[in-house]
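Let's take a walk through a protein chain together. Have a look at the sequence and the fold below, and then we'll start with a pair of charges.

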Amino acid sequence: MTNQEIEIEFKNLLTFDEFTSLCSAFKVNSDDFFTQENHYFDTPGFALKEKGCALRVRKKGDTFTLTLKQPAAEGLLETHQIVSEDEFVAMKSEKNGLISGIISSILMDELSISPSEVIYFGSLKTNRAELSYKDGLLVLDESNYMDTSDFELEYEVNSYAEGEKLFHELLEAYGIPLRETKNKIVRFYEAKACSLTGEGDEK
């Protein structure tokens, strides 16, 4: 894995029926899904979120990858750092903060955020299926977090303009309305905020 890359992706939340219809249309079955976990980090005052950034460790199989996402001219700049399970466990501890490496250096030098202030907020588990689609990667996700589940279609591409056109054509072809869709980390934090304030308990 390269240390840095530009991520250009389009995403749209789906209903359960839309999700299952797309699985059927693209011949995706239960055996095509794999599970990954995102573990989210920020400072107590959400300094990363305030700068439009996100920090996570993704557990995929036996691999733990620390990723920092920063706004770019098109898409997001992703910086990756492989960490050990012990390092991941240490970062989740309240007293350890972020481990040293390329990402902690970016936090200090570019974002003026102290790695020692970084704390763990929680996790989101995703069942994911991936398939090639017109020079891009089409992703079907079922995510579970904070007693919440949602379904999502993502399309990862190299060209923003062409990818946007193809994504909108795909949604239109299957009768799926374009929905404002926040990133998983934003949806996670909003659900966590609701759980802390007790909102939604009477629903």
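Which residue forms a salt bridge with Arg187? The partner is Asp150, and the closest N and O atoms of the two are 2.9 Å apart. Before we go on, some ground rules: this is a predicted model, where local features need pLDDT of at least 70 and side-chain atom pairs count only at pLDDT 80 or more, while totals for chains, interfaces and linings use all residues. Residues are numbered from 1 along each chain as its sequence is written, and side-chain values use heavy atoms, with hydrogens and water left out.

Back to our pair. Side chains of opposite charge can pair when their charged atoms come close. Here, the term salt bridge stands for a side-chain nitrogen of Lys or Arg within 4 Å of a carboxyl oxygen of Asp or Glu. Arg187 sits in helix α6 and Asp150 in strand β8 (residues 148-157), so to speak two distant parts of the chain, 37 residues apart, that the pair links. Helices (H or I, at least four residues) and strands (E, at least two) are DSSP runs, numbered from the N terminus. Both Arg187 and Asp150 are buried; that word means under 20% relative accessible area, while exposed means over 50% and partly exposed lies in between (1.4 Å probe, protein chains only).

Helix α6 and strand β8 meet in another salt bridge, with Lys184 in the helix and Glu154 in the strand, 30 residues apart. Their N-to-O distance is 2.8 Å, and Lys184 and Glu154 are both buried. Now zoom out a little: Lys184, Glu154, Arg187 and Asp150 belong to a network of salt bridges that also takes in Glu9, Lys11, Arg128, Asp141 and Glu152. Across the structure, the count comes to 15 salt bridges.

One of those has its own story. Glu7 forms a salt bridge with Lys69, and their closest N and O atoms are 3.3 Å apart. Because Glu7 lies in strand β1 (residues 4-14) and Lys69 in strand β4 (residues 63-71), the pair ties together parts that are 62 residues apart in sequence. Glu7 counts as buried at 14% relative accessibility, and Lys69 is buried with a relative accessible area of 14%.

Next come the rings. Rings of Phe, Tyr and Trp (its six-membered ring) pair if their centres lie within 6.5 Å; planes under 30 degrees apart count as stacked, over 60 as edge-to-face and the rest as tilted. How many aromatic pairs does a search of the whole structure find? It finds 17. Phe46 and Tyr189 make an edge-to-face pair, 5.3 Å centre to centre with 80° between the planes. This pair links distant parts of the chain: Phe46 is in the loop between β2 (34-42) and α2 (47-50), Tyr189 is in helix α6 (residues 184-197), and they are 143 residues apart. Phe46 is partly exposed, with a relative accessible area of 28%, whereas Tyr189 is buried at 8%. Elsewhere, Phe10, Phe26, Tyr133, Tyr155, Tyr160, Phe167 and Tyr174 form one aromatic cluster.

Let's try some distances between C-alpha atoms. Asp31, in the loop between α1 (16-25) and β2, is 98 residues from Ala129 along the chain, yet their C-alpha atoms are separated by 9.0 Å. Asp31 counts as exposed, at 70% relative accessibility. Arg56, in strand β3 (residues 54-60), is buried with a relative accessible area of 12%. The C-alpha atoms of Arg56 and Phe121 are separated by 9.9 Å, with their positions 65 residues apart along the chain. For Ala90, in helix α3, the C-alpha atom is 40 Å from that of Glu164, which is 74 residues away along the chain.

Finally, a look at the backbone in two loops. Lys134 has a positive phi of about 50° although it is not a glycine, and its place is in the loop between β6 (119-133) and β7 (136-145). Met146, also not a glycine, has a positive phi near 45°. Met146 lies in the loop between β7 and β8, and counts as partly exposed at 30% relative accessibility.
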